[in-house]
Amino acid sequence: DPKRWRMVAAIILDLSSFLEAATPLFPALFLPFAALGNAGKNISWLAASATRAGIHMSFARRSNLADLTGKAGSQGVVCSLVGTTLGIALSPLLGSSPYAIIPAIACLSLVHLSCMLKALRFVSLPALNTQSLDTVTARFIQSNGTEVLRTEDVGREEVVVGPLGSHLLWGYKAQHAPDLVIGPDVGRMAAA
């Protein structure tokens with residue numbers, strides 16, 4: 001489920017940045033906080049990288065995945081440079097106090113996660129996951145077999161976060177076909 005894991009990666013990145021910014025408040029815990037923050041950023045990068053190919057595939061047309069990946073990488077570099085420039089420009093205004101930096105990180109994190117969530121609404125994955133299959137099935141049944149949603153429509157209807165972040169924590173639980181399982185049962189595979 002690339003959308004879910006991309007959002008989880010963004011949250012881990014923001015939490016890691018927050019943890020790093022909080023290290024001056026707990027000098028005795030500097031090393032564990034800094035290590036956890038750095039490990040969290042690396043885990044976030046790995047999770048984001050793992051989802052990137054699936055998301056890029058959803059935008060690819062006529063075998064242009066390499067071109068799309070290159071342009072996405074360029075956009076990432078430009079955004080990183082703009083963010084660094086803005087950070088340098090804001091640093092004299094904020095100073096070095098964690099009490100000023102932490103609220104700024106919280107605001108930037110809110111903007112980052114809101115933009116990520118909005119961007120993921122435009123992703124229409126070509127393969128069906130549990131939620132999209134549940135949505136397609138429900139619409140098909142409700143319309144008495146006359147309506148089949150397109151992947152673009154399903155992508156817009158997909159809920160990435162869920163109530164109180166439930167989809168992020170535990171994944172989507174099928175509501176229209178609660179016994180729906182995609183892929184083999186792990187217990188059955190282990191017994192074989």
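**Helix packing and an enclosed cavity**

In this predicted model, the buried residues of helix 4 pack against three other helices, namely helix 1 (2-22), helix 2 and helix 3 (65-94). The buried positions of helix 4 are P98, I102, A104, S109, M116 and L120. Helix 4 itself covers residues 98-120, a run of 23 residues. At 1.5 Å a residue, such a helix should span 33 Å, and the computed distance between its end C-alpha atoms is 32 Å, so the expected and modelled lengths agree.

Helix 2, one of the partners of helix 4 in this packing, takes in residues 30-59 and carries S44. The relative accessibility of S44 is 4%; buried means under 20%, and S44 therefore counts as buried. Once neighbours within four places in sequence are left aside, the contacts of S44 are with A9, I12 and L13.

Attention then turned to empty space inside the model. Rolling a probe the size of a water molecule over the atoms shows where such space is left. Searching the whole structure in this way gives one cavity of 30 Å³ or more. The largest cavity holds about 60 Å³ of space. Its lining brings together D1, K3 and R4 with Q131, with E158, V159 and V160, and with H167, G171 and Y172. By residue class, the lining of the largest cavity comprises four charged, three polar and three nonpolar residues.

Definitions and conventions: Residues numbered from 1 in each chain as written. Predicted model: local features only at pLDDT ≥ 70, side-chain atom pairs only at ≥ 80, totals over all residues. Heavy atoms only, no water. Helix = DSSP H or I, 4+ residues; strand = E, 2+ residues; numbered from the N terminus. Buried < 20%, exposed > 50% of the residue type's maximum accessible area, 1.4 Å probe, protein only. Contact = heavy atoms within 4.5 Å. Expected span 1.5 Å × (residues − 1). 1 Å grid on protein atoms, 1.4 Å probe; cavity = no way out; pocket = protein on both sides within 12 Å on 5 of 7 lines; lining within 4 Å. Points joined across faces, edges and corners; volume = space filled by probe spheres on them. Nonpolar A, V, L, I, M, F, W, Y, C, P; charged D, E, K, R; others polar.
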